[in-house]
Amino acid sequence: MSCLQRRYSLQPVPERKIPNRCLGQPSPFTHPHLLRPGEVTPGISQVEYALRRHKLMSLIHKEAQGQSGTDHIVVLLSNPTYYMSNDIPYTFHQDNNFLYLCGFQEPDSILVLQSLPGKQLPSHKAMLFVPRRDPSRELWDGPRSGTDGAVALTGVDEAYTLEEFQHLVPKLKAETSTVWYDWTKPPHAQLHSDYMRRPTEAKARSKNKVQGIQQLIQRLRLIKSPAEIARMQIAGKLTSQAFIETMLASKAPVEEAFLYAKFEFECRARGADILAYPPVVAGGNRSNTLHYVKNNQLIKDGEMVLLDGGCESACYVSDITRTWPINGRFTAPQAQLYEAVLEIQRACLALCSPGTSLESIYSLMLTLIGQKLKELGIRKSTGESAAFQAARKYCPHHVGHYLGMDVHDTPDVSRSLPLQPGMVVTVEPGIYIPEDDRDAPEKFRGLGVRIEDDVVVTEDSPLILSADCPKEINDIEHICSRAS
């Protein structure tokens, strides 16, 4: 019987027993040390995932006012498996919009949210289309959840094999159906070609065109739930501890590659799944290259290292930057520049409250950097215009970005949006003075400092997720003095 012919029950879905076998991802049965009963991913329950889907369909209901008599179908594709060469795969990482709505962590899958006949949104049913179980492939790639495992683990209403999605295609093409699908940049090119290219092309020729869904999902992802914030607190704490251990391992001279390896080891030893991004481990003048990731040079005695690193833990990430002297003692010029950046960061952190915006904090950062450059003798000219010009020269990046499941989370959301409780942002001012900058005093040339923390906006004072990561000069020097 096809997925369109099966009768959907409006009664509450009974609890399904998770199969007593390995699935395509951790389950409370196979990984009780990671997941509690009822959780799909660590710390996030079936109920929370269902609530996210409900909220999305509520947003669609608001967006679709005036489209009476129309069915609504949301389609999200998983990521594929990517290969580094021939048949050697990279570690699989799920598309985060797909993951946010169901928690299913297998490739080559499709999530469908479909409105119910005769029922008003946000009423809907959630369906997963997943790879069928295949012993020959599972021998090489590991177990698959199959339809029974997908339903029991995620709590969606129904699950079918991927091939059965073809039965839904006529419904997608129908004039009475509004399809919500990001067809311009699908995360899975093959699934799009096999199942979604023809219906989206047909809809493009009709009055009832395909609507994008990504921006609606990003509006939901922007505000974190208490469970999400708890996951991000874990990521922040373990990354902070990894920074401390990396500082303890500092010595002069030291290779950037050693500090990279030490940081990654300490993150993963404490439970991180992966690093959130290739870290910047930049010694000396290389700290003035904002996205320096070669990490293959020797850091010499008397130089500082700028380490911008973070991890991913149970689908949520951290993003922290610290700068410290590799021999454990700041020189006078290093301390002057560092303390200037730290004072700017403190002022910016204090502004992380409801009603302000990242854009307004950025404006404050530029003003303060202009003042500090003048105090340090780096900026000679006067006037507000000259101050802003100098600030942008010596800090060419923004004050921060949104943070969550991605490092640069919800990128389509404007940084001019007023902050609200539950948003998580980074605050990362910096001052970078290349060694060939003849406008700056010689003692500062070749120094680059950035200090970055992860911040939850609350009704009260900001919650600093990276508070355990030392940044006061005395604290850093005390830690480094304990290095063996």
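The protein chain exposes about 21700 Å², of which carbon and sulfur atoms supply 51%. These values come from a predicted model, in which the protein chain holds 13 helices and 22 strands. Of its 484 residues, 53% count as buried.

**Overall dimensions and contacts**

- The radius of gyration of the protein chain is 25 Å, which agrees with the value near 23 Å that a compact globule of 484 residues would have.
- Measured out along its principal axes, the C-alpha trace of the protein chain spans about 75 × 50 × 45 Å.
- Among the contacts in the protein chain with a separation of 6 or more, 71% are accounted for by residues 24 or more positions apart.

**Charge**

- The protein chain carries 53 positive and 56 negative side chains, and the centres of these two sets lie 4 Å apart.

**Strand S17 and its partner**

- Strand S17, which runs over residues 320-325, is mostly covered, with six of its six residues buried.
- The cover extends to both faces of S17, since Ile320, Arg322 and Trp324 on one side are buried, and Thr321, Thr323 and Pro325 on the other side are buried as well.
- Strand S14, made up of residues 304-309, pairs with S17 in the antiparallel sense, and the pairing runs over six bridges.
- Within this pairing, Leu306 has Thr323 in S17 as its bridge partner, and Thr323 belongs to the face of S17 that also holds Thr321 and Pro325.

Technical notes:
Residues are numbered from 1 along each chain as its sequence is written. This is a predicted model: local features need pLDDT of at least 70, side-chain atom pairs count only at pLDDT 80 or more; totals for chains, interfaces and linings use all residues. Side-chain values use heavy atoms; hydrogens and water are left out. Helices (H or I, at least four residues) and strands (E, at least two) are DSSP runs, numbered from the N terminus. The radius of gyration is taken over C-alpha atoms; the globule rule is 2.2 Å times the number of residues to the power 0.38. Buried means under 20% relative accessible area, exposed over 50%, partly exposed in between (1.4 Å probe, protein chains only). Contact means heavy atoms within 4.5 Å. Accessible areas come from the Shrake-Rupley method with a 1.4 Å probe; for residues, only the protein chains shown count as cover. Lys and Arg count as positive and Asp and Glu as negative; His and the chain ends are not counted. The place of a charge is taken as NZ of Lys, CZ of Arg, CG of Asp or CD of Glu. Two strands pair if DSSP finds at least two bridges between them.
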